[in-house]
Each structure stands twice: as C-alpha cells, then as structure tokens.
Amino acid sequence: MYKYALVLTDVAKLGTKTFSYLIPDSMRSDIKIGQPVSVPFGPKRKIKGYIAGFSNYLEEGIKAKYIDEILDTEPLFTLEYLKLLEWVANYYFCDLPTVLKTALPQKFFEKNVKNYRKPRKENAALQKNEENKEHKLSPEQQKVYEEIKHVNAPNSLLYGITGSGKTEIYFKLIEDTIKEGKNVLFMAPEIALVSQLTMRTIKRFGADKVAIWHSSISEAEKYSVWQKLRQNEIKILFGARSAVFAPIKNLGLIIIDEEHDTSYKQTMPNPRYCAKHVAKELAKLHGAKIISGSATPDVESFWEAQNTNSLFELKNRYNNAQLPDVSIVDMKSERIDGNLGIFSRTLINRTKETIERGEQVIFLINRRGFSTYTQCMECAQVLECKKCAIPLIYHSQTNSWRCHYCGYEVKHPKCENCGSEELENFGTGSQRVEEIAKKIFEGMSVARLDSDSLNKKNEHIEILQKFQNGGINILIGTQMIAKGLDNPNVTLVGVINADLSFNLPDYRSSERGFSLLTQVAGRSGRGGHKGKVIFQTYNPQNLFLQKAKEQDYISFFEKEKELRQEYDYPPYSKIIRIIISSKEEFKAEHACLEITTHLENYIKKLSLDERIIVLGPTPCVIGKIRGEWRYNILIKNKLEQKGHDTVLGFLRKIILPNDIKMITDVDPSDIL
C-alpha cells in the first residue's frame, strides 16, 4: 500500500506537470493508475488530474494535500500504456509529463469532459461507401502474403515497386487479424494519405468500427475515439504519427505505410519521437506484428530487414502494368533556346496531349508558397525573417510574406537594410506554379494541394475526390501528392524542379530526393495506359537523379550504403544531435564548446572514444530560429543501447543558465 499518488495535472501557465498527493485511507483499495481524480490546488481551487504513479516518499520540505475524489472508477489508461510513455520519455530524453501531454487529448483535463459535446461535423473519410469485398491476389502477391504470414520476425518489411499492390496485401492481413479477434493500427505519414487509405478500407470492410486519429481532428473527435478505444469498439484505427499513442486494445497488427517518410519523426516540440520506433515498443507490449511497406524504404529499415531475413519483395506492378517511361529535361538548354519559364516546352506539349486524350496530370513542386525568396532591387538584400536566419516566403493567396519555421508574417514589408519598397520575388513555389499553369493551360481545371491550401476541415478530401472523379485535369502539389495516390487515369507526372531535394547539406538529402522522385513517378500509368514522367532539372548528371529515372531502388541502396559506411552514418551508427541555443550568439557557441570538451573527456575516460564519436561544435545550417542562435554537436554512437545510455547519462548531469537552451534530438531526421 502506498502513501502518495503522483497526479498528472494541466494548469494554466504551469503546463502539464505531476504533483504528489496523499491517498485517503478510504481510497487505498480502489485507486489505480490512469484514474481521473479531483485534487486541491492552491488555497481554494479544485482541479482534475490523472493517477500516474505511486510512492512512499516525498522530497523534504514538501507538504502534500489529500486527493479529494476519484471521478471515475474506470482508468483512462493502463499501467502498460504508462510503461510505453515512460520508455518514450527515457529514450528521447524527455520528462514523462511532456510525453503525457502529447499523448492525451487536452480536453481530458476539463472538469465536465463527460458532458463534452459530440463532434459537429463527421470526418468525410468515415462516410459509408458501397462495399467491394472481392479482390483476388496475383500469384506474386499471394506468395508474399503467405511468406509474411508464416515468418517469425516481429517486424517485416514489404518492399514493392510503385503500383505493385502492397495495399491489397495489407487488406488480407487485416482480414486475418480481425478474424483472430484482434485489432489493427494502420499508420500513414500524411493526413491526406490517411484519408485515402481510410476510404479504401471502408469500401472493403465497411464503416463500422473504423476510426481516424491525427493532429487535424478536433479535440471532441479525439475524446470520442479515445472512449471507443477504451471500450474495444474499434477494430481498425487509421492515423498519422500521433496515432501510435492512441490506447488501442487487443492489438494484433501494426501497418506502417510509406515507412520511408520523415514525417514519422516529430522534429519539434518535445518529445522528438519517431513513431516507427515507438510502434516497435508498442508491438512488444501487445505481442503484435509490424508490417512496414514502401517502394523506397528507409536505408536503415532495408539494411535491417536484409540482415534479419524479414524482407519481402513485390517486383512487378499489379496486372503486369508497366512502369512509366521517365525522361529528363535539361532546363539550361531550355534557357539557351529562349524559354525562361518554369515549364519546359516538352512538359507543356505532353500536358496538352494528355488532357486532350481525357487523361490527367500531376505537377510536383516540393516547395510551398509563391516564390523562393524576395530581394530588394536597390541594395540586393534578401528579405529575411526577423527571428530566423531564413528568407521569408511570399504567399499570393494572403498577399503576405511568411516564415515557414516560426510563423512570423508581414503584409507590407520594406528592406531592412535600405528601407526600399522595391522588392522582387524570385524562385518558384507551389502557388506560383498554380498561377502560371492556369494561364498556360487555359480552359483546363487546375487545383493545388499542399498544407497552405487546406484551410477548412475535409478540404483535402474534397480535392482528392474531385481529382479521382475526373473533375480536375491538373493537380499541383508538394510531397503530399507523391505518396499513395492511386488514380488510374493519371498518365503524366511533371516534376518542376527535380534538384530541390538534392541540394540540402544533409546526409539524408540523396535518400530524400531519390524517394520523392521515385514515389511521384509511381503515380503515373497505374491503369490501362502506360505512363510518362518528366523530370525538369539544371543538373541532369546527378547520380541519384539518374537512379530515380531508372526507378532502381536496389542500385541506389547499394551506392548509398557504401557512402554511409565510409562516414559512419546510419545504419552503421546511431545519431544523437545536441543543439545549444541562446539569444546571444557568443553564449551559444561558448556553451556548446564547453559541453563538447567535457563530453569528449568523459568518453575517453571510459575508453569508448573509438565507438562513440563526437563531432563539433559547429554552427547549425539554419543558424538562427525564433530569435535564438544555434550551435550543434553530432554524436555517432556505434555501441547501440550502451552508447545511448552513456551519452544521455552525461547529458542529464548538465545544468545550464536560464538564457541558454539545450535540445537533444535522438535519431534526428535531418541535421539542418
């Protein structure tokens, strides 16, 4: 029997925190982890909280009050669920209250949550569709399905070229799992893709016992879904990365679609978790299987699957459809010939021919906004965010300049250097592509799908359904449209600037660029007509661009693996990145240098300096964000868990002044 309970609360100005309370004798036999309770706070207030742990000791000087009331005998979460969140806190160098705040809907801390209204508007993706249960697997699909069913590995990777029918294998495995009386978590990296997969699944299995969980659904919807999950009323839960924290019961299968996508990693704020990694811990707790799938798997995932005999391949498109023909257009030659526009003559002509045949077109430009940067015509100064060391991006829709890092926005800017209002926009974003496309392809229906265009609920679903039904001739978008789109009438894909993803100073840039181009190319020719793809580039000799043209993942993987091994990057090490920031650049640099020196000495004393490699300190590629200067240390850990514990054990001892911040990013998705 414990004397004190650790109660998780959410208090204005304090945030989500835990406080210790005395357990009244009358409650000792009834109180459980996860129960909602009423506790006194301050001189007169009573607030709602949740039991998150027990102890028999308090720090000296703390006087605990008694818990007032147990509000519900049924716990909101279980001890196993709490263990998962504790693992997240320990692995990603974060405190438990912060993890709980990420996992639990904020409405749970309101007093009258039981009477909280139902969602006003149903999610369009959950509407009932005409069911279509008949589908015969191809011999290749059937073979892979049987292999996955009988393998003992807890984590399997399904590598299949675009259009090979990975989703149908998922459906067969879902069917088996439900027949066994167990439930399914189906994850996808983009909200738009979650909606598409949900609608396809409802056509197959019906709308009953299917739910959605991601950051764009309302708190009311989250509360409703959480309650249904508690009651074991949901068989298939769809979601983006945050769905890994939904309390799904009796879990038998986790599907991670488009597993290569970096959106599975939360970059800010804490906890900076990777949903794929958390899903592995979740699967262990439930004894569930994980099936990850992609046409361009993450290099680390593919390497691991090769080495654990858990790799399964689909080498052919469904119904033996052919891969699209990919051609590269050198935009330097276009400029020499007098074409200074963003569309090559080849792409313009092919687009018109495609639409005349009654087929559809996708244009990819992996940059939001109207332009890349805005420059003063008097002194050549580039318009930058006042808080971040990056250019402001012009958005024609709102006639404003916006920072994509901190959200700073200005309507009528002047040059910070000379005060001139003579500003010119340069470069290309998705809004500009849309504007120019509407002029060139006059009379054709043109639409744009990116995060800036999704102003109202279900808007992305409406755009995708209209495109699927043939109401849109040309769909323009960022990486959001590169994955999962299965429209058999799309026979042409044009990539406006294929160089964008390859130009970032990051060890993953080649992988990201190759994946994006291969994925978007795979949207073309998925029906009865052979597709065409056009990559527009200023660097046609780029090795990885050529690999994407050939759609040869294996060749790309072998080359990339070679480069990673040479420089000890993942999968040959695990990365921990430490970012030190301050409003004063000197303080950030000095603190970072001091931490590096002490860390190197600490590792040398343990004789681990050949297995834990410390690089830095160096200024971050993006040197200033939200008004703070940034320096970083990169740690390459080749000792797995031992190295991880060694580094984080050192970091826990660091005490910094209030004007210096430290961010620890475990397994970062980039090093920008």
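**Exercise 1. The side chain of T646**

Task: In this predicted model, work out which backbone oxygen the side chain of T646 reaches, and decide whether T646 is buried or exposed.

Solution: Begin with the polar contact, in which the side chain of T646 comes to 2.7 Å from the backbone oxygen of K642. Next, place the residue in its element, which is helix α17, spanning residues 640–651. A general point helps here: an α-helix has 3.6 residues a turn, so residues three or four places apart point the same way. Then turn to accessibility: the relative accessible area of T646 is 11%, and because buried means under 20%, T646 counts as buried. Finally, list what surrounds this residue once neighbours within four places in sequence are set aside, and you find Y602, L606, L608 and I612 in contact with T646.

**Exercise 2. A four-stranded sheet**

Task: Find the order of the strands in the sheet that contains β24, β25, β26 and β27, and say which strands stand at its edges.

Solution: The four strands form an open sheet with the order β25-β26-β24-β27, and their pairing is antiparallel. The edge positions belong to β25 (612–625) and β27 (660–666), each of which pairs on one side only. On average, neighbouring strands of this sheet are turned by 20° against each other, if direction is ignored. To look at one pair in detail, take β25 and β26 (residues 628–637), which are joined in the antiparallel sense over eight bridges; within this pair, I613 stands opposite K636 in β26.

**Exercise 3. A three-stranded sheet**

Task: Explain why β16 and β18 each have one side without a neighbour in their sheet.

Solution: First write down the order of this open sheet, which is β16-β17-β18 with antiparallel pairing. Strands β16 (393–395) and β18 (409–410) stand at the edges and have a single partner strand each, so one side of each is left without a neighbour in the sheet. Strand β17 (residues 400–402) runs antiparallel to β18 and is joined to that strand by two bridges, and W401 stands opposite V410 in β18.

**Exercise 4. Strand β23 and its partners**

Task: Determine how many residues of β23 are buried, and in which sense this strand pairs with β13 and with β22.

Solution: Strand β23 covers residues 532–537, and five of its six residues are buried, so the strand is largely enclosed by the rest of the structure. With β13 (residues 325–330), the pairing is parallel and extends over six bridges, where F535 in β23 is the bridge partner of I328. With β22, the strands also run parallel, joined by four bridges, and here K532 in β23 is the bridge partner of L492.

**Exercise 5. Two helices side by side**

Task: Use the crossing angle of α13 and α15 to decide how these helices are oriented to each other.

Solution: The axes of α13 (residues 509–521) and α15 (residues 553–566) come within 11 Å and cross at roughly 170°. Angles over 145 degrees count as roughly antiparallel, and therefore α13 and α15 are roughly antiparallel to each other. The residues that meet are S510, E511 and F514 in α13, and Y553, F556, E560 and R564 in α15. Sorted by class, this contact has three nonpolar, one polar and three charged residues.

**Exercise 6. The buried side of α12**

Task: Name the buried residues of α12 and the elements against which they pack.

Solution: In α12 (residues 459–468), the buried residues are E459, H460, I461, I463, L464 and F467. These residues pack against one helix, α5 (191–205), and against the strands β14 (360–364), β20 (446–449), β21 (474–477) and β22 (490–495). After the helix comes G470, whose phi is positive, near 90°.

**Exercise 7. Two further buried residues**

Task: For V225 and F108, state where each one lies, and give its relative accessibility.

Solution: V225 belongs to helix α6 (residues 219–230) and is buried, with a relative accessible area of 9%. Apart from neighbours within four places in sequence, V225 is in contact with A211, I212, W213, I234 and L237. F108 lies in the loop between α2 (96–103) and α3 (139–150), and at 1% relative accessibility F108 counts as buried too.

Methods. Residues numbered from 1 in each chain as written. Predicted model: local features only at pLDDT ≥ 70, side-chain atom pairs only at ≥ 80, totals over all residues. Heavy atoms only, no water. Axes fitted to C-alpha atoms, helices over the stretch in contact; angles between N-to-C directions. Parallel < 35°, antiparallel > 145°, perpendicular 65-115°, else oblique. Contact = heavy atoms within 4.5 Å. Nonpolar A, V, L, I, M, F, W, Y, C, P; charged D, E, K, R; others polar. Buried < 20%, exposed > 50% of the residue type's maximum accessible area, 1.4 Å probe, protein only. Pairing = 2+ DSSP bridges. Polar contact = N/O pair within 3.5 Å; in protein donor to acceptor, adjacent residues only side chain to side chain.
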